[in-house]
Amino acid sequence: MLEHALLADDHESLARQLDELAQSYVSGDVSRAAILALAAEEWRQAGQPARALDCFQRAVDDGGEVAVDPRAGIADTLFELDRPDEARQIIAKIHSEGTASPATILNIAETLAAYGDLKAAHEWATQGVLLFTPGDENPEHAALLRARYRIRLDLGLPEDELDAQLS
């Protein structure tokens, strides 16, 4: 299902199928919340941010395990809808909880960078990098290091000791 829809570049059809699957889903290898988050991303790709918001919110309400906190997707979609104050409130809430996963931190840092808040993006990326020990071979660590480095370049900042971990 996923491969066929992706090859056909039919995000709307895939979003609809994932949404329907989530509604009838009982249990399996992934959570209903994860399926809803996938559906939300497909709705965004299909140019339907309102439906994406709905799916992200249902993923939050479901409470199941998801690699990236669905609220990060809500914030990104709110930025897309030119509702930055609401997006920043959600990001502030996630930050205040202090429990964001590295994948969520990366997502938020990239969202903030995409919407021009490089200072906040740098803070998030740095926070994520500091969750790991230097030399950690974790792919999320490497992704956070790369994102942080790109953001620092955009800010015109010189390389620092964390950037040196990229080598």
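The following exercises, each with a worked solution, concern a predicted model of a protein chain.

Residues are numbered from 1 along each chain as its sequence is written. In this predicted model, local features need pLDDT of at least 70, side-chain atom pairs count only at pLDDT 80 or more, totals for chains, interfaces and linings use all residues, and side-chain values use heavy atoms, with hydrogens and water left out.

**Exercise 1. The chain as a whole**

Determine how many helices and strands the protein chain has, and what percentage of its residues is buried.

Solution. Step one is to count the elements, which are DSSP runs numbered from the N terminus: helices (H or I, at least four residues) and strands (E, at least two). The protein chain has nine helices and zero strands. Step two concerns burial, where buried means under 20% relative accessible area, exposed over 50%, and partly exposed in between (1.4 Å probe, protein chains only). Of the 167 residues in the protein chain, 42% are buried.

**Exercise 2. The two sides of helix α4**

Establish which residues of α4 are buried and which are exposed on the other side.

Solution. First, locate the helix: α4 covers residues 49–62, 14 residues in total, and reaches 20 Å from its first C-alpha to its last. That span is close to the 20 Å expected at 1.5 Å a residue, the expected value being 1.5 Å times one less than the number of residues. Second, list the buried residues of α4, namely P49, A52, L53, C55, F56 and A59. They lie on the same side of α4 because they cover an arc of only 165° around the axis, the arc being that of the directions from the helix axis to the C-beta atoms. An α-helix has 3.6 residues a turn, so residues three or four places apart point the same way. Third, turn to the other side of α4, where A50 and D61 are exposed. Finally, note that α4 is followed by G63, whose phi is positive, near 80°.

**Exercise 3. The surroundings of N107**

Find where N107 is placed, whether N107 is buried, partly exposed or exposed, and what N107 is in contact with beyond its neighbours within four places in sequence.

Solution. To begin, N107 belongs to helix α7 (residues 102–114). Next, its relative accessible area of 22% makes N107 partly exposed. Then, with neighbours within four places in sequence set aside, N107 is in contact (heavy atoms within 4.5 Å) with V68 and A72. Lastly, N107 and D76 stand 31 residues apart in sequence and 8.7 Å apart in space, C-alpha to C-alpha.
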